[in-house]
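Reader: I have a structure to go through for class. Can you walk me through it?

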Amino acid sequence: MTIIADDTGWILQTAHVAYALGINEAGYLVHRYWGARLPHPDDYPPPPESAGWVSFNGPGQMLPEEYPAYAGLKYVEPCLKATFADGVRDVALRFDHAEVNDDNLDLHLRDDHYPLRLTLHYRVHPDHDLIERSASLINDGGAPIMLERVLSAQWHPPQQPRYRLSHLSGRWSDEFNLHRDDLPQGVTRLESRRLTTSHHHSPWFALDDGRSTEDTGDVWFGALAWSGNWLLLAEATDYGSARISLGLNDWDFAWQLDPGETLTTPAAYAGWTDGGFGAASRILHGFIRAQLPHGERPHPILYNSWEATNFDVSEEGQAQLAEIAAALGVELFVMDDGWFKGRLWENAGLGDWTPDPVKFPHGLTPLIDRVKALGMAFGLWIEPEMVNPDSDLYREHPDWVIHFPTRERTTARNQLILNLARPDVQNYLIAQFDALLREHDITFIKWDMNRNASEPGWPDAPRDQRELWLRYVQGLYRVWGTLRERHPDVLWQSCSGGGGRADLGILRYADQIWVSDNTEATARLRIQDGFSQCFPALVMEAWVTDAGRGQVPLDFRFHVSMSGVLAIGGNLLTWSEEERATAARWVAYYKQIREIVQLGDQYRLLSAHEGPYSAIQYMDKEADHGVLFAYRVWLPDPALLPVIRLRGLIPDARYEIQGVEGERSGLAWMHDGLRLPLANLESTVRTIRRVGAI
Ligand code: DGJ
């Protein structure tokens, strides 16, 4: 049973984890427990009692409420802040009733006086050791209620002497830097105010007591499934506890909840493990893989034309690249930016999604046919949300962009953002891209987004213009979701100038993610290591390009990309026979290991964040076959080579490692380990095989 109701509340149980909550003696819905699943229901503590502390702190300040609203003597970060029609800004929620349905628990609360209802949704993912939470606000009255903050969840890790927050931050071309910082007393705020997820921070966290490692220790972790403005508040309270709140950003936020209306937040997911940061990542990896629209299915090796041709695309030029790509063993050819009307450079064309008549006088079909004749599938780049002022669409509908009428419309990369909050814009985009996909044999779409919001106005908005932030993302999901439904065989890639839109929300629509525009392999090692904290290799598209060519060996560049979904993005016309032979060899090798890399369990043996010698391992579910990658970027000679201790092997089974002498037990490889001597800028990939396994 995943949900047990006891005398004082509910116990949510996954295979290894329990999360208990309940109603205390004063009627507050409070947190009780989060950690290892305990043998008996009466092992779980009762709800903490209400107690204030002198006149300066009411019980609301001290209690771990599951979903605190701003009310009373409460100064901790609330999940909910609202203003009623009479100006009252105090929300007093009381538990009303509960509903249990399989793996779902709905808790219904009501305001004491006003017709505001709150339903907290809990969903247990028993096989993935995750708890999912979201909240619905319902207006049962006759007057609007203004919502000023509506988060998805507040999580209460158990009390520790010290709290350390792991988070990801960065910037364009340098995404997913991993930071582990002690939480100071007070509130640490991570967020996006950019309309999309952003390159700068990620809606993911891990919390420990400062002593956990990659392989050991308690870690509480989670992520938000939302591709717009989000907020993570990590609060170390004045009384030694910590709270992590996650949800829609309240910055410039407003939502007018009209009579009869319901607003439901995005889903937040969280888990616990005693297996360290690596185990936390593997839990998220397994869950994300299982939730992908196409499920756990290996992704093809693609070629992307962007770095080779930029905007200078033509049927002949693309076909030349395609011929070489096919000879290397590539399975999918993707034409990037530059193919549509007027797109000579980045200053024009966005919005006009028909093939450029000069570059493609006979449309795209002749090129698609040539690609297919070479035995590859065809994919295409689009950037649906954007418009260049120099486009027919903008000339016809200047009012369709996000703007304030009295302010200049700030362009970035010469483009403006279509207001996807508007149903007419959504319908237009659905019609355009539906037609494109119906009329062409396209089985892969790269969906790009190359700027963030400015002047966030919506002059014709039916209600408060600040609803734009949320409605835009709802509109985006509607457009993408409708296209997916109509074209179920298409594989979709999420890109926003690299990794600007990587989150669990977009992965309900996209099958894989472009991690960064930085394709230099040594930089990429660290970026990919950070990305892997949350996301599995199956969604990590990684191109071998010409960045670092002449300095970083082609083998090294391949090995870095082969640890995700291998792709090629260099200008193949300039690759020598020798380079092409190397590429063909690695493509063939990757096809043999692809299932293990893309669908297996990942172990960060030596993190690229911690040293210039890194190693990563993948194992299939049965622990029969694995792959080991090792990379040495730069170490002074004579180098003290680090020991690589494998993970995920069966201790008393015997394994051999390609190119390493001797069979040894799993325990020996994991405990004693091995050294792989590599020179600077040298790397290696080795298969791991359980001896005697089929
Ligand atoms: C940004 C993407 O990240 C690149 O891969 C490429 O698609 C360009 N946009 C095209 O404009």
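Author: What follows is a short talk about the ligand, some strands, a helix and the cysteines.

Author: This is a predicted model, in which local features need pLDDT of at least 70, side-chain atom pairs count only at pLDDT 80 or more, and totals for chains, interfaces and linings use all residues. Residues are numbered from 1 along each chain as its sequence is written, and side-chain values use heavy atoms, with hydrogens and water left out.

Reader: ok, ligand first. How many residues surround the ligand, and which are closest?

Author: The ligand is surrounded by 14 residues, and the closest are Asp336, Asp337, Lys446, Asp448 and Asp517. A residue counts as near if one of its heavy atoms lies within 4 Å.

Reader: What classes are in that shell?

Author: Six residues of the shell are charged, five are nonpolar and three are polar. Here Ala, Val, Leu, Ile, Met, Phe, Trp, Tyr, Cys and Pro count as nonpolar, Asp, Glu, Lys and Arg as charged, and the others, Gly among them, as polar.

Reader: Which atoms of Asp336, and of Gly498, are at the ligand?

Author: In Asp336, a side-chain N or O atom is 2.7 Å from an oxygen atom of the ligand. In Gly498 a backbone N or O atom lies 3.1 Å from a ligand oxygen atom. The protein buries 97% of the 300 Å² that the ligand exposes when taken alone. Those areas come from the Shrake-Rupley method with a 1.4 Å probe; for residues, only the protein chains shown count as cover.

Reader: New topic. How do β6 and β7 pair?

Author: β6 (residues 93–101) and β7 (residues 104–111) are antiparallel, with eight bridges. Strands are DSSP runs of E, at least two residues, and helices are runs of H or I, at least four, numbered from the N terminus. Two strands pair if DSSP finds at least two bridges between them. Asn101 has Asn104 as its bridge partner. The two strands form a hairpin with two residues between them, and Asp102 in the turn has a positive phi of about 50 degrees.

Reader: And what does β7 do with β8?

Author: β7 and β8 run antiparallel, joined by seven bridges, and the hairpin between them has four residues. Asp106 is opposite His121.

Reader: Why is β8 called largely enclosed?

Author: Because seven of the 10 residues of β8 (residues 116–125) are buried. Buried means under 20% relative accessible area, exposed over 50%, and partly exposed in between (1.4 Å probe, protein chains only). β8 also pairs antiparallel with β9 (residues 130–139), through 10 bridges. Arg123 of β8 faces Glu132 of β9.

Reader: What about helix α9, mostly covered or mostly open?

Author: Mostly covered: nine of the 11 residues of α9 (residues 521–531) are buried. Among them are Leu525, Ile527 and Phe531.

Reader: How many disulfides are there?

Author: Zero. A disulfide is a pair of cysteine sulfur atoms within 2.5 Å.

Reader: Why does Cys495 have no bond?

Author: Because the closest cysteine sulfur, in Cys534, is 18 Å from the sulfur of Cys495, which is too far. Cys495 is buried at 2% relative accessibility, and Cys79 is buried at 0%.

Reader: Last one. Where is Glu77?

Author: Glu77 is in the loop between α1 (59–62) and β5 (80–83). Glu77 has a relative accessible area of 18%, so Glu77 counts as buried.

How values were computed: A polar contact is a pair of N or O atoms within 3.5 Å; within protein, one must be able to donate a hydrogen and the other to accept it, and residues adjacent in sequence count only if both atoms are side-chain atoms.
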